[in-house]
Amino acid sequence: MDNLCHTLVGAALAQSGLKRRTPLATATLLVAANLPDVDVISLAWGSTAGLGFRRGWTHGVLALSLWPFVLAAAMLAFDRMGAKRGAKFWPLVLLSAIGVASHPLLDLLNTYGVRLMMPFSNRWYYGDTLFIVDVWVWLVLAVGILISMRTERRGSSNWSAPARVAIAIAVTYTAGMFTLGRLARSQVRFEVGATGAPALRVLASPVPLSPIVRDVVVDEGDGYVVGRIRVGGHFEGGGHWPKRNPDDELADPALSMAASTPAAVTFLGWARYPTYVVDRRGGNTIVHFVDLRYARSPDDVFGTLAVPVSSS
């Protein structure tokens with residue numbers, strides 16, 4: 001999920017009553033909820049390098065077990081050197097663990113996925129439940145936090161209730177989105193299967209704003225079919241895309257050359273539904289790799305990689 005969502009979750013957890021645990025609790029939860037995303041620094045080496053590193057080491061089980069102690073120690077040092085609030089180490093560890101754990105759980109909900117078992121396994125896990133930026137989750141959490149803070153300022157002893165209700169609504173909404181996504185995927189699998197075509201894998205990806213629409217990619221073995229489905233409706237196909245077969249001896253040499261470059265190896269290791277377009281216009285050959293999760297054209301900003309291939 002995006003960092004605004006992670007921050008709102010941290011704030012909602014604090015306003016749910018957890019900030020009573022120790023001084024600096026709110027700050028700890030806000031930092032912890034975003035901490036695994038320190039891997040964003042990898043983008044300094046380029047977007048492709050970022051694909052190879054992000055949501056890996058800093059989001060895996062080893063890092064998740066260490067982050068709470070690292071953050072608690074840092075917050076305690078900050079308190080002793082300047083804040084002087086009387087923060088306590090073990091409550092800080094507990095809050096850090098809660099905040100840090102919320103991060104991969106949220107990231108797991110979208111189609112980008114997370115490598116939870118790093119560094120022991122490079123496998124990606126995907127929830128395919130929420131779009132990476134879900135404004136409805138933003139809205140619910142923000143309203144709950146604001147009402148909770150206003151109630152607290154008025155001196156009410158029940159100020160944590162609005163934040164708890166907001167968290168419960170967000171969880172219920174997420175469960176509903178999970179269910180709708182699985183129903184959409186089952187419907188697509190049924191309809192494609194009825195045509196006699198295989199449906200080896202089906203992605204029913206959430207889209208911005210509309211909870212009842214899913215963007216669909218179907219892996220038919222030798223290629224992909226894309227389209228959309230409205231929950232309760234029928235699958236509307238939007239075209240076919242080829243699948244690269246590394247074992248095909250008749251494959252375009254330019255495609256094989258492009259796929260062997262370091263950038264392409266990284267991109268193809270990240271992509272879930274990789275396809276390609278070979279462009280030979282103007283006397284130059286450029287192979288465009290496209291991940292159909294996020295792109296439908298080589299010109300799309302995200303989910304694509306252009307690899308020039310020498311004609312010599």
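## Val-61 and a nonpolar patch

Val-61 has a relative accessibility of 33%, so this residue counts as partly exposed. Look for Val-61 in helix 4. Along with Leu-62, Leu-66, Val-70, Met-117 and Phe-120, Val-61 makes up a nonpolar patch on the surface, covering about 530 Å². Keep in mind that this is a predicted model.

## The whole protein

Now for the wider view. The protein has 312 residues, and 45% of them are buried. Its secondary structure adds up to nine helices and seven strands. If you're setting up a box, the C-alpha atoms fill one of roughly 70 × 45 × 35 Å along the principal axes.

About 15,500 Å² of the protein is exposed, with 64% of that area supplied by carbon and sulfur atoms. As for contacts with a separation of 6 or more, 53% of them are between residues 24 or more positions apart.

## Strand 2 and its two neighbours

Strand 2 runs over residues 213-219, and seven of the seven are buried, so the strand is largely enclosed by the rest of the structure. In a regular strand, side chains alternate between the two faces of the sheet. Here Val-213, Asp-215, Val-217 and Asp-219 point one way, while Arg-214, Val-216 and Val-218 point the other way. Both sets are buried, charged residues such as Arg-214 and Asp-215 included.

Strand 2 pairs with strand 1 (residues 201-206) over six bridges, in the antiparallel sense. In this pairing, Pro-206 sits opposite Arg-214. The two strands make a hairpin with six residues between them, and Leu-209 in the turn has a positive phi of about 75°. Strand 2 also pairs with strand 3 (residues 223-230), again antiparallel, this time over seven bridges. There, Val-217 has Val-226 as its bridge partner. That hairpin has three residues between the strands, and Gly-221 takes a positive phi near 95°.

## Salt bridges

Where does Asp-219 at the end of strand 2 find a charged partner? The side chain of Asp-219 meets that of Lys-243 in a salt bridge, at 2.6 Å from N to O. This pair links distant parts of the chain, 24 residues apart: Asp-219 belongs to strand 2, and Lys-243 to the loop between strand 4 (236-242) and helix 8 (253-259). Asp-219 is buried, with a relative accessible area of 4%, whereas Lys-243, at 23% relative accessibility, counts as partly exposed. The cut-off for buried is under 20%, so Lys-243 falls outside that class.

Overall, the structure holds twelve salt bridges. One of them joins Asp-39 and Arg-54, with the closest N and O atoms 3.1 Å apart. This pair also links distant parts of the chain, 15 residues apart: Asp-39 is in the loop between helix 2 (25-34) and helix 3 (47-53), and Arg-54 is in the loop between helix 3 and helix 4 (61-83). Asp-39 counts as buried at 1% relative accessibility, and Arg-54 counts as buried at 18%. Another salt bridge is formed by the side chains of Asp-291 and Arg-293, at 2.7 Å from N to O. Asp-291 is buried at 0% relative accessibility, and Arg-293 is buried too, with a relative accessible area of 4%. There's also a network: salt bridges that share partners join Asp-37, Asp-39 and Arg-54.

## The 5-6-7 sheet

How are the strands of the open sheet ordered? Three strands form it in the order 5-6-7, with antiparallel pairing. Strand 5 (274-279) and strand 7 (304-309) stand at the edges with a single partner strand each, so one side of each is left without a neighbour in the sheet. On average, and ignoring direction, neighbouring strands are turned by 20° against each other.

Six bridges join strand 6 (residues 285-291) to strand 7, and the two run antiparallel. Among the paired residues, Val-290 has Thr-304 in strand 7 as its bridge partner. Helix 9 (residues 262-270) packs on this sheet, where helix 9 touches strand 5, strand 6 and strand 7. The direction of helix 9 makes about 25° with that of strand 6.

Key. Residues are numbered from 1 along each chain as its sequence is written. This is a predicted model: local features need pLDDT of at least 70, side-chain atom pairs count only at pLDDT 80 or more; totals for chains, interfaces and linings use all residues. Side-chain values use heavy atoms; hydrogens and water are left out. Buried means under 20% relative accessible area, exposed over 50%, partly exposed in between (1.4 Å probe, protein chains only). Helices (H or I, at least four residues) and strands (E, at least two) are DSSP runs, numbered from the N terminus. Two strands pair if DSSP finds at least two bridges between them. A salt bridge is a side-chain nitrogen of Lys or Arg within 4 Å of a carboxyl oxygen of Asp or Glu. Patches are made of residues with over 30% relative accessible area and no salt bridge: like charges are joined within 9 Å, nonpolar side chains (Val, Leu, Ile, Met, Phe, Trp, Tyr) within 5 Å. Accessible areas come from the Shrake-Rupley method with a 1.4 Å probe; for residues, only the protein chains shown count as cover. Contact means heavy atoms within 4.5 Å. Axes are lines fitted to C-alpha atoms, for helices over the stretch in contact, and angles run from 0 to 180 degrees between N-to-C directions.
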